[in-house]
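Biologist: I keep meeting labels such as buried, salt bridge and edge-to-face, and I'd like to know how you earn each one. Can we go through a structure together?

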Amino acid sequence: ETAKAFGVYWMTLYQEDGAFDIESIKNVDGILCIGKFSKQAISSFLKITRNIVFIDMTPNVKAFDSVVIDFAHSVKEILRYLEQTKYNPVGYLGGYRKIDSHVYYGERRKKHFIDGLRRVHRYKPQHVHIGDFSVKSGYRMMKRAIEHGPARLYVCASDSIATGAMKALLENGYQIPEDVAVIGFNDIDAARHTHPSLTTVHVPSRHMGEEALRSLMLRIETPKRPTVKKVVPTHFKKRHSA
């Protein structure tokens, strides 16, 4: 919608078989990169244009404009809620994202969250599980957690992980949130329609896209302007799963 308002022609390129069809975008004026990208992919984009803005990643703050969320603030909101509710112990279901055949992108939420749990004396390493950002991974991680006795509440690195975790809990006779509570991250459209509805952290993805395109338009108009990293706050959404 923002591109239409600016009169910008827009096309979308997805990764296929581990690579991008760079030839299909060789005449573009700028690129918005959404997600995580390897150094090799970024190098290939630079052969097309230096007008590049990253969303959800800052590969080089001095070389590229970017729009990211404030992870530290997100975790503070969750921890503030945990202090109010007295859930204990608290577990974490996280993930790593594979960005090429041998490089995995680390999960920043994990460090912020575990540091916070340590400060409030609720961290127990046996309740931390790391997989990937999928429903299946959330299901598998929660199944493992159930085998050893689950924590009272789990914070999940994505709503997809949370959805899988809730499925495993319900299949094994646990009530949510009476027995085990679950908090997600992202606030995807499906989060409000799970049963129970998912308490989560809302990421303003629409606003991030708008800001990224504005940054790209400025970069195209004035290529030598200093790079800008925009940090967007998130909002805690209390629903029924925690």
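Modeller: Sure, and keep in mind that this is a predicted model. Let's start with the rings: the count comes to eight aromatic pairs.

Biologist: Take F37 and F45, then. Why is that pair called edge-to-face?

Modeller: Look at the two values. The ring centres of F37 and F45 are 5.7 Å apart and the planes stand at 75°. Centres within 6.5 Å make a pair, and planes over 60 degrees apart count as edge-to-face, so both tests are passed.

Biologist: Are F37 and F45 buried or exposed?

Modeller: Both are buried. They also belong to a cluster, in which ring pairs link F20, F37, F45, F54 and F64.

Biologist: On to charges. How many salt bridges are there in the whole structure?

Modeller: A search finds twelve. One of them joins K36 and D56.

Biologist: What makes K36 and D56 a salt bridge?

Modeller: Their closest N and O atoms are 2.6 Å apart. The limit is 4 Å between a Lys or Arg side-chain nitrogen and an Asp or Glu carboxyl oxygen, so the pair qualifies. The two residues are 20 apart and link distant parts of the chain: K36 sits in the loop between β1 and α2, D56 in the loop between β2 and β3.

Biologist: Why is K36 called buried, and what does D56 count as?

Modeller: K36 has a relative accessible area of 13%, and buried means under 20%, so the label fits. D56 comes out at 23%, which lies between 20% and 50%, so D56 is partly exposed.

Biologist: What about K167 and E171: how do you know that they meet in a salt bridge?

Modeller: The N to O distance is 2.6 Å, and the cut-off is 4 Å. Here both partners lie in helix α6, four residues apart, so about one helical turn separates them. K167 is partly exposed at 44%, and E171 is partly exposed at 46%.

Biologist: And R214 with E211, at 3.6 Å? Why does that one count?

Modeller: Because 3.6 Å is within 4 Å, R214 and E211 pass the test. They are three residues apart in helix α7, which means about one helical turn between them. R214 counts as partly exposed at 35%, while E211 is buried at 19%. Elsewhere, salt bridges that share partners join E1, R206 and E210 into one network.

Biologist: Let's stay in α7, where R219 is placed. Why does R219 count as buried?

Modeller: R219 has 6% relative accessibility, and the limit is under 20%, so buried is the right word.

Biologist: Which backbone oxygens does the R219 side chain reach?

Modeller: A polar atom of the R219 side chain lies 2.8 Å from the backbone oxygen of R225, and the side chain reaches the backbone oxygen of P226 at 3.3 Å. Polar contacts need N or O atoms within 3.5 Å, and these distances meet that limit. Leaving aside neighbours within four places in sequence, R219 contacts N51, D65, K224, R225, P226 and T227.

Biologist: N51 makes me look at T49. Where does T49 lie, and what makes it buried?

Modeller: T49 is in the loop between α2 and β2. Its relative accessibility is 10%, under the 20% limit, so T49 counts as buried. Its side chain reaches the backbone oxygen of D29 at 3.4 Å, and a polar atom of that side chain lies 3.0 Å from the backbone nitrogen of N51.

Biologist: Last topic, the sheet in the order β7-β4-β8-β9. Why do β7 and β9 stand at the edges?

Modeller: The four strands form an open sheet with parallel pairing. β7 and β9 each have a single partner strand, so one side of each is left without a neighbour in the sheet. The twist averages 20° from one strand to the next.

Biologist: How do you know that β8 and β9 pair?

Modeller: They share three bridges in the parallel sense. Pairing takes at least two bridges, so β8 and β9 pass. Y154 stands opposite V182 in β9.

Biologist: Which strands does helix α3 lie across?

Modeller: Helix α3 lies across β4, β8 and β9, running at about 160° to β9. Helix α5 packs on the sheet too, touching β4, β7 and β8.

Note on methods
Residues are numbered from 1 along each chain as its sequence is written. This is a predicted model: local features need pLDDT of at least 70, side-chain atom pairs count only at pLDDT 80 or more; totals for chains, interfaces and linings use all residues. Side-chain values use heavy atoms; hydrogens and water are left out. Buried means under 20% relative accessible area, exposed over 50%, partly exposed in between (1.4 Å probe, protein chains only). A polar contact is a pair of N or O atoms within 3.5 Å; within protein, one must be able to donate a hydrogen and the other to accept it, and residues adjacent in sequence count only if both atoms are side-chain atoms. Contact means heavy atoms within 4.5 Å. Axes are lines fitted to C-alpha atoms, for helices over the stretch in contact, and angles run from 0 to 180 degrees between N-to-C directions. Rings of Phe, Tyr and Trp (its six-membered ring) pair if their centres lie within 6.5 Å; planes under 30 degrees apart count as stacked, over 60 as edge-to-face and the rest as tilted.
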